[in-house]
Amino acid sequence: MKWRVDFFITPLRAALAALAVVGGVLAFGWSGLFNVAATSGHWPITDWFLHYVMINSVKTRSLAVETPNNLDDPALIARGAGHYASGCAGCHGAPGRPRNPVIREMVPTAPDLDPKIPTWEPKHLFWIVKNGVKYAGMPAWVSAEEREDEVWSVVAFLLKLPGMSDETYRRLAMGAENDGAVGGLTALAHRSQGPAPREDVLADCARCHGRDGMGRDGDAFPIIAGQSADYLYDALAAYAQNKRYSGIMEPAAARLPYSDLAAVAEHYAAQPRSAPAGAKPPDPALVARGEKIAREGLRDTGTPACANCHGPGSEARNPAYPKLAGQHASYLETQLRLWEKEHDSRGGGPFSEIMRKIAFGMTEADIKAVASYYASLPPTPEQ
Ligand code: HEC
Ligand code: HEC
Ligand code: HEC
């Protein structure tokens with residue numbers, strides 16, 4: 001009798017072979033022979049392959065991303081820098097702040113970004129920061145779908161990062177009055193253990209908002225001085241509970257207990273509200289149009305007069321309605337645009353539903369006009 005081996009692939013054989021492969025992989029996993037130790041690192045070829053896949057994935061998936069033309073705006077850069085210090089530096093390090101030794105033991109590790117930035121285009125960086133990188137420990141942006149504008153602020157900063165001096169970084173990330181206290185991930189690297197004392201909390205807010213609540217770097221941060229403590233607390237609690245969307249403020253608020261949120265709300269409510277320095281003179285025609293909307297509303301869309309709730313006027317209003325007078329126009333515009341979007345990207349406190357209905361249907365021109373009007377008003381306490 002002769003041996004005959006036939007090599008025909010039949011469906012049954014293919015299925016058996018596939019089962020054998022799956023079984024082999026499972027058995028290998030079950031055996032515990034694969035070494036998951038970070039100390040053993042990746043083989044050079046695995047490392048090369050993973051990066052090859054990552055780089056190609058980022059480039060393909062960011063093809064449709066449109067890059068805005070304001071990435072040189074100093075306010076945008078300062079906003080991104082403020083977040084970088086608490087949200088990224090803890091892993092990637094920063095000028096004058098080398099990566100923590102613990103981070104260097106991650107596989108893959110969070111790289112020093114200085115030499116990496118020039119290898120990417122802005123839209124690639126946008127995609128990485130917005131979506132994060134799977135299997136690598138690089139997190140996605142908090143509220144990524146709602147707040148692409150914030151992701152761009154980080155990209156604006158990253159583009160300036162290569163070669164940045166320690167001094168420039170400190171000023172951009174901590175503000176001029178900085179005292180080095182940073183919350184967030186960086187706190188893990190720089191602060192000793194134990195509950196944060198209130199002074200630390202305020203020092204972190206002050207990096208961006210100043211101790212006086214007037215912000216810094218033009219319109220990089222909203223003015224929170226002299227806003228009612230009720231509104232400030234509602235806003236902070238909404239961020240902390242992911243009911244108001246911001247990849248910058250959600251982590252800042254969520255790391256604090258409510259007692260701290262109430263205390264900082266009281267602090268900022270007690271600060272005098274003044275006119276922001278260096279604001280551009282508004283366009284009188286735009287302001288006039290905005291005033292009409294604020295006082296009379298918009299008949300076509302049934303938009304009520306904003307002044308009923310936000311002033312100007314001296315009647316006592318609900319303290320949950322924020323003051324808009326003297327606020328940066330760009331900030332007011334952003335908030336209105338977020339509400340105007342069909343899927344409501346703003347969220348907010350217990351009364352925010354009111355604003356969603358009001359902002360819905362407002363045109364870009366209405367938004368610009370009414371924001372410009374409120375920004376032009378003197379920020380008097382009773383507005
Ligand atoms: C928990 C740690 C961690 C945090 C926080 C983090 N990253 Fe990363 N990041 C990583 C790791 C790990 C990688 C490496 C991914 C890889 O090698 O595939 C990475 C990769 C990157 C890259 C791509 C670098 C390259 O290989 O070219 C950029 C850009 C980046 N991060 C920016 C940021 C920014 C901006 C922030 C803050 C908004 C941030 N990261 C926050 C861990 C972190
Ligand atoms: C990294 C910079 C940064 C830090 C730190 C920071 N903020 Fe903010 N804050 C912002 C930005 C940017 C916004 C605008 C967010 C938005 O568009 O919703 C904001 C918004 C706010 C608002 C909402 C203002 C309004 O009119 O609705 C409040 C209140 C606030 N911050 C308070 C605080 C407090 C209190 C702290 C400290 C616990 C703090 N922030 C820490 C950058 C920061
Ligand atoms: C019925 C009362 C009411 C009316 C009318 C009203 N608002 Fe509001 N507005 C609110 C409330 C309440 C909030 C706070 C929402 C939140 O964040 O929880 C708010 C918040 C805002 C904010 C965000 C402020 C900040 O600091 O983040 C803007 C901007 C705003 N309103 C603009 C307008 C404009 C423009 C109009 C007129 C077209 C208007 N509002 C009409 C009640 C009102």
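Q: What makes the approach of His51 to ligand 1 a polar contact?
A: In this predicted model, an N or O atom in the side chain of His51 is 2.9 Å from an oxygen atom of ligand 1. A polar contact requires a pair of N or O atoms within 3.5 Å, and therefore the pair formed by His51 and ligand 1 qualifies.

Q: What makes the pairs that His92 and Trp120 form with ligand 1 polar contacts?
A: A nitrogen atom of ligand 1 lies 2.7 Å from a polar side-chain atom of His92. For Trp120, an N or O atom of the side chain is 2.8 Å from an oxygen atom of ligand 1. Helices H2 (44–61), H4 (89–92), H6 (122–131) and H7 (148–160) are the elements that give two or more residues to the shell around ligand 1. The cut-off for such a pair is 3.5 Å, so both pairs count as polar contacts.

Q: How is the shell around ligand 1 divided by class?
A: The shell has 19 nonpolar, five polar and one charged residues. Among the elements, H6 gives the most, with three residues.

Q: What makes the pair between Tyr231 and ligand 2 a polar contact?
A: An N or O atom in the Tyr231 side chain is 2.5 Å from an oxygen atom of ligand 2. The limit is 3.5 Å, so the pair counts as a polar contact. Oxygen atoms of ligand 2 also have polar side-chain atoms of Tyr239 at 2.7 Å and of Arg244 at 2.8 Å.

Q: Which element gives the most to the shell around ligand 2?
A: H10 does, with five residues. The residues of this shell divide into 14 nonpolar, five polar and five charged.

Q: How do you know that His310 and Met355 coordinate the iron atom of ligand 3?
A: His310, through NE2, and Met355, through SD, are at 2.0 to 2.2 Å from the iron atom. Donors are N, O and S atoms within 2.8 Å of the metal, so both atoms count. His310 lies in helix H15 (residues 307–310) and Met355 in helix H17 (residues 352–359), so the pair ties together parts that are 45 residues apart in sequence.

Q: Why is the arrangement around the iron atom of ligand 3 called octahedral?
A: The six donor atoms subtend angles of 86 to 178°, which makes the arrangement octahedral. Ideal angles for six octahedral donors are 90 or 180 degrees.

Q: Why do His310 and Met355 count as buried?
A: Buried means under 20% relative accessible area. His310 has 11% relative accessibility, so it counts as buried. Met355, at 16%, therefore counts as buried too.

Methods: Residues numbered from 1 in each chain as written. Chains lettered and ligands numbered in written order. Predicted model: local features only at pLDDT ≥ 70, side-chain atom pairs only at ≥ 80, totals over all residues. Heavy atoms only, no water. Polar contact = N/O pair within 3.5 Å; in protein donor to acceptor, adjacent residues only side chain to side chain. Helix = DSSP H or I, 4+ residues; strand = E, 2+ residues; numbered from the N terminus. Nonpolar A, V, L, I, M, F, W, Y, C, P; charged D, E, K, R; others polar. Donors = N, O, S within 2.8 Å, 3.2 Å for Na, K, Ca; no water. Tetrahedral: all angles 85-135°; square planar, octahedral: opposite > 155°, others 65-115°. Buried < 20%, exposed > 50% of the residue type's maximum accessible area, 1.4 Å probe, protein only.
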